[in-house]
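Me: Hey, can you walk me through this protein? I'm new to this, so plain words please.

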Amino acid sequence: MKPFSADLHIHTALSPCADDNMTPPAIIKAAIKAGLQIIAICDHNSAGNAPAVIAAAKDELIVIPGIEITTSEEAHILGLFETTQAAAAVSDLILASLPNSFAGKPRGRQIVMNERGGPIRLEPHRLFLSSQYSVSGAVDLIHGHGGIAIASHVDRPSFSVLSQLGFLPPDVLFDAIEVSPAAHRAGRSSAYEATGYPVVVSSDSHFLTEIGCCRTFFSMDVCSFPGLKQAIHDRQQLILKG
Ligand SMILES: [Zn+2]
Ligand SMILES: [Zn+2]
């Protein structure tokens, strides 16, 4: 086994709050420059741009299709999947559950792109809204599609499971919890190991310059989704680097 450098939380121009320069080829170029070997694409409430980033990567690095679900409690949960089909199936269910999702003022352009970064269409759903899936329901949905469920940026004072619920529900089995770059740089990531969950750090990039700013090394035989899943479940093999 050897360690592989991972950033498992990267947004594209599909996310309402992400920069329009977060195109598939630009993300791949920035990830390679940062020395990353495996990344995950996690847009808010959609996996619509993951296939284009995978295609843009060719064989240069591993790209995991994912989604960052906003639950009914306004907590963010990352879902990472082995296939674009599984990610799309979850994405379709989440999109269909966004209430009044065509009403209200849009935020951002929410661009669905091809692998060259060209626009295919603008996503009409308001991706910043909360889905109708609870924290428990979102984790069940992710696991039901063979995915990895990670509680996003648990240290943040908003949009995290801890900020919204006040605790990590004992009946919800996350595969890992994520600490934000700010908390990691402040030396607070190790404190979350007391939760009993594997702790990961990712960039939560909304801009190209953020890609790889924080990362986690995972020991794997082969750099792949199954290898990542196994490594997460064996917390001894996580090495955090700021
Ligand atoms: Zn988030
Ligand atoms: Zn995010």
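Me: Let's start with pockets. How much space lies in the largest pocket?
Reply: About 270 Å³ of space lies in it. Keep in mind as we go that this is a predicted model.

Me: Which residues are closest to the centre of that pocket?
Reply: Cys17, His44, His76, Phe159 and His206 are the closest to the centre, out of 18 residues that line the largest pocket.

Me: And how does the lining of the largest pocket split by class?
Reply: It has 9 polar, 5 nonpolar and 4 charged residues.

Me: OK, metals next. Which residues are the protein donors of the zinc ion (ligand 1)?
Reply: Three residues do that job: Glu68 through OE, His76 through ND1 and His153 through NE2. They lie 2.1 to 2.3 Å from the zinc ion (ligand 1). His76 also came up a moment ago, as one of the residues closest to the centre of the largest pocket.

Me: How are those donor residues spaced in sequence?
Reply: The spacing for the zinc ion (ligand 1) is E-x7-H-x76-H. The pair Glu68 and His153 links distant parts of the chain, 85 residues apart. Glu68 is in strand S3, while His153 is in the loop between strand S7 (148–151) and helix H5 (161–165).

Me: Is His153 buried or exposed?
Reply: His153 is buried, because its relative accessible area is 1% and buried means under 20%.

Me: Now the other zinc. What are the protein donors of the zinc ion (ligand 2)?
Reply: For the zinc ion (ligand 2) they are His9 and His11, each through NE2, plus Glu68 through OE and Asp204 through OD. These donors lie 2.0 to 2.2 Å from the ion.

Me: Hang on, Glu68 again? How far apart are the zinc ion (ligand 1) and the zinc ion (ligand 2)?
Reply: They are 3.4 Å apart, and Glu68 coordinates both. In other words, Glu68 bridges the two zinc ions. Glu68 lies in strand S3 (residues 62–70) and Asp204 in the loop between strand S9 (199–201) and strand S10 (215–220), so the pair ties together parts that are 136 residues apart in sequence.

Me: What spacing do the donor residues of the zinc ion (ligand 2) have in sequence?
Reply: The pattern reads H-x1-H-x56-E-x135-D.

Me: What about the angles among its 4 donor atoms?
Reply: They run from 79 to 173°, and the site of the zinc ion (ligand 2) is irregular. It isn't tetrahedral because that would need all angles between 85 and 135 degrees.

Me: Are Glu68 and Asp204 buried or exposed?
Reply: Glu68 is buried, with a relative accessible area of 1%. Asp204 is buried too, at 12%.

Me: What's the phi of Asp204?
Reply: Asp204 has a positive phi of about 50°, although it is not a glycine.

Me: And what about the phi of Gln110?
Reply: Phi of Gln110 is near 55°, again a positive value in a residue other than glycine. You'll find Gln110 in the loop between helix H3 (84–96) and strand S5 (111–113). Gln110 counts as buried, at 4% relative accessibility.

Me: Where is Leu98?
Reply: Leu98 is in the loop between H3 and S5. At 5% relative accessibility, Leu98 counts as buried. The C-alpha atoms of Leu98 and Arg235 are separated by 34 Å, and the two residues are 137 apart along the chain.

Me: New topic: what joins the side chains of Thr71 and Glu73?
Reply: A polar contact of 2.7 Å. Thr71 lies in the loop between S3 and strand S4 (76–80), and Thr71 is buried, with a relative accessible area of 0%.

Me: Is Arg156 buried, exposed or partly exposed?
Reply: Arg156 is partly exposed, with a relative accessible area of 29%. Arg156 is found in the loop between S7 and H5. From Arg156 to Ala52 the C-alpha atoms are separated by 30 Å, with their places 104 residues apart along the chain.

Me: Last one. Where is Ala56?
Reply: Ala56 sits in helix H2 (residues 50–57). Ala56 counts as buried at 9% relative accessibility. Ala56 and Lys33 are 15 Å apart in space, C-alpha to C-alpha, and 23 residues apart in sequence.

Technical notes
Residues are numbered from 1 along each chain as its sequence is written. Chains are lettered from A and ligands numbered from 1 in the order in which they are written. This is a predicted model: local features need pLDDT of at least 70, side-chain atom pairs count only at pLDDT 80 or more; totals for chains, interfaces and linings use all residues. Side-chain values use heavy atoms; hydrogens and water are left out. Donors are N, O and S atoms within 2.8 Å of the metal (3.2 Å for Na, K and Ca); water is not among the atoms, so sites may look incomplete. Four donors count as tetrahedral if all angles lie between 85 and 135 degrees; four count as square planar and six as octahedral if opposite donors are over 155 degrees apart and all others between 65 and 115; anything else is irregular. Helices (H or I, at least four residues) and strands (E, at least two) are DSSP runs, numbered from the N terminus. Buried means under 20% relative accessible area, exposed over 50%, partly exposed in between (1.4 Å probe, protein chains only). On a 1 Å grid over the protein atoms alone, a cavity is a set of points where a 1.4 Å probe fits but cannot get out, and a pocket is an open set with protein on both sides within 12 Å along at least five of seven lines; lining residues have an atom within 4 Å of a point. Grid points are joined across faces, edges and corners, and a volume is the space filled by probe spheres set on the points. Ala, Val, Leu, Ile, Met, Phe, Trp, Tyr, Cys and Pro count as nonpolar, Asp, Glu, Lys and Arg as charged, and the others, Gly among them, as polar. A polar contact is a pair of N or O atoms within 3.5 Å; within protein, one must be able to donate a hydrogen and the other to accept it, and residues adjacent in sequence count only if both atoms are side-chain atoms.
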